[in-house]
Amino acid sequence: MNVVSALHELRDLSPGKEEFRASVLAGLSASPKTLPCKFFYDAEGSRLFDLICELPEYYPTRTEVALLTARAAELAALAGPGAALVEFGSGAGVKIRLLLEAMREPSLYVPVDISRGHLLAAADGLAEDFPGLPIAPVCADYTAPFLLPAPSGQPPRRWAGFFPGSTIGNFTPPEATAFLAGAARLLGPGSLMIVGTDLPKEPAVLIPAYDDAAGVTAAFNLNLLARINAELGGEFDLAAFRHEARWNAAESRVEMHLVSRHNQSARIGASRFTFAGGESIHTENSYKYAADAFRRLADDAGYRALRFWTDPAGLFGIHVLEVPASARV
Ligand SMILES: C[S@@+](CC[C@H](N)C(=O)[O-])C[C@H]1O[C@@H](n2cnc3c(N)ncnc32)[C@H](O)[C@@H]1O
């Protein structure tokens, strides 16, 4: 076990290689073929995602950071002094700094992420910059149930969940409702949930955000095949697949695909998968929610909507939700 700070050790519940193998074999045996996007995030996938956040085409990160900067004091007031923060899919831990700087005496920070090395590096950086803040990293798949680390001192006055980056858009709407309901059970009655959602907009803005000129998103998508080769003994020829981003208006989502350039087959251990030319592996969805649509989804999951903020161009939204104190979760 790695020690991140003097206070807490990493809790490692990350999916193992067998779960990765089973998901890959099931996804490539399905019709149409799919691969779960949570497996994008090995060390290289996390590095590439951080590069995506800096791209000129990728408006979500800079827009959400500007919104959080403008609203940090209000969020801190809503959370109140002594609150404990749980961040789902914490990544590089950039956005949480804005909240931690504004909050009064945060009592605990629990970053939850599937990408172990990246999680530890981010937690180390935060421990250095926020000395005295207890940090309890959890390496886990947040779609599976897990327990929160027990705070070492007094119980926190309030738990607050933080799910930025429009990562909730990677779920289908029923999955997003189930995730939010699970987070409400985890955090308990009276807790806050702060969720960043990308808003619907014209494909001329959306598609370049998922298919940038420098090819970083293409490398991010293809890295999934590289990971299958490295970890599962796969024999994919990466040059035989191309990255494609598609706007699915009926579902209000951007889809990422890996499209086979020609008829081919690829082995993973004893299994062989065939691909027709033009056939795709669907690797990610990014649902875009109008404010009302997301509010209905949060309502179905048992939350009360407290605030919604967007930027002047209406690109991105932040929802502040509350699990009612009377909720039976
Ligand atoms: C789109 S990135 C967002 C990163 C960061 N929160 C931000 O706003 O820039 C998604 C993050 O969630 C993590 N992640 C994706 N699926 C996950 C899962 N099922 N369980 C835990 N972490 C997951 C990834 O490792 C990555 O750090």
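**Figure 1. A close-up of the second largest pocket, with the residues that line it.** In this predicted model, 15 residues line the second largest pocket, and those lying nearest its centre are Ser14, Pro15, Ile114, Arg227 and Glu231. Two helices, α1 (17–29) and α8, each give two or more residues to this lining. The space inside comes to about 210 Å³. If you sort the lining by class, you will find 6 nonpolar, 3 polar and 6 charged residues.

**Figure 2. A close-up of the largest cavity, with its lining residues.** Here we turn from a pocket to a cavity. The structure holds 1 cavity of 30 Å³ or more, and about 30 Å³ of space lies in the largest cavity. Take a moment to find the residues around it: Leu75, Ala76, Ala79, Leu85, Leu99, Met103 and Ile194. By class, this lining has 7 nonpolar residues, with no polar and no charged ones. Helix α3 (residues 59–79) provides the largest share of the lining, 3 residues.

**Figure 3. A close-up of the open sheet of 8 strands.** Follow the strands across the sheet in the order β1-β5-β4-β3-β6-β7-β14-β13, and note that the pairing is mixed. Strands β1 and β13 (304–310) stand at the edges with a single partner strand each, so one side of each has no neighbour in the sheet. From one strand to the next, the twist averages 15°. Helix α3, which you met beside the cavity, also packs on this sheet, where it touches β6 (159–163), β7 (192–198), β13 and β14 (316–322). The direction of α3 makes about 30° with that of β14.

**Figure 4. A close-up of two paired strands, β3 and β4.** Strand β3 (residues 84–88) pairs with β4 in the parallel sense, over 5 bridges. To see one of these pairings up close, start at alanine 84: its bridge partner in β4 is leucine 108.

**Figure 5. A close-up of the open sheet of 4 strands.** This sheet has the strand order β2-β12-β9-β8, again with mixed pairing. Its edges are β2 (33–34) and β8 (241–248); each has a single partner strand, so one side of each is left without a neighbour in the sheet. Strand β9 is joined to strand β12 (residues 280–287) by 7 bridges, and the two run antiparallel. A good place to look is leucine 258, whose bridge partner in β12 is isoleucine 281.

**Figure 6. A close-up of helices α7 and α8 on the sheet of 4 strands.** Helix α7 (residues 203–210) packs on the sheet and touches β8, β9 and β12, with its direction at about 150° to that of β8. Helix α8 (residues 216–232) lies across β8, β9 and β12 and runs at about 60° to β9. You have seen α8 before, among the elements lining the second largest pocket.

**Figure 7. A close-up of two loops with backbone geometry to notice.** Most residues other than glycine have a negative phi, and most peptide bonds are trans. Serine 31 and proline 32, however, are joined by a cis peptide bond, with omega about -5°. Proline 32 sits in the loop between α1 and β2. In another view, glutamate 105 has a positive phi of about 45°, although it is not a glycine. You can find glutamate 105 in the loop between α4 (95–102) and β4 (108–113).

**Figure 8. A close-up of where the predictor is confident and where it is not.** The chain averages a pLDDT of 95, and 98% of the residues score at least 70. Which strand has the highest confidence, and which has the lowest? Strand β9 (residues 253–260) is highest at 99, while strand β1 (residues 11–13) is lowest at a mean of 87. Over residues 1–7, pLDDT stays under 50, and the model has 16 contacts for this stretch beyond four places in sequence. Where pLDDT is low, the predicted coordinates should not be read in detail.

Notes: Residues are numbered from 1 along each chain as its sequence is written. This is a predicted model: local features need pLDDT of at least 70, side-chain atom pairs count only at pLDDT 80 or more; totals for chains, interfaces and linings use all residues. Side-chain values use heavy atoms; hydrogens and water are left out. pLDDT is the predictor's confidence in each residue, from 0 to 100. Contact means heavy atoms within 4.5 Å. Two strands pair if DSSP finds at least two bridges between them. Axes are lines fitted to C-alpha atoms, for helices over the stretch in contact, and angles run from 0 to 180 degrees between N-to-C directions. On a 1 Å grid over the protein atoms alone, a cavity is a set of points where a 1.4 Å probe fits but cannot get out, and a pocket is an open set with protein on both sides within 12 Å along at least five of seven lines; lining residues have an atom within 4 Å of a point. Grid points are joined across faces, edges and corners, and a volume is the space filled by probe spheres set on the points. Ala, Val, Leu, Ile, Met, Phe, Trp, Tyr, Cys and Pro count as nonpolar, Asp, Glu, Lys and Arg as charged, and the others, Gly among them, as polar.
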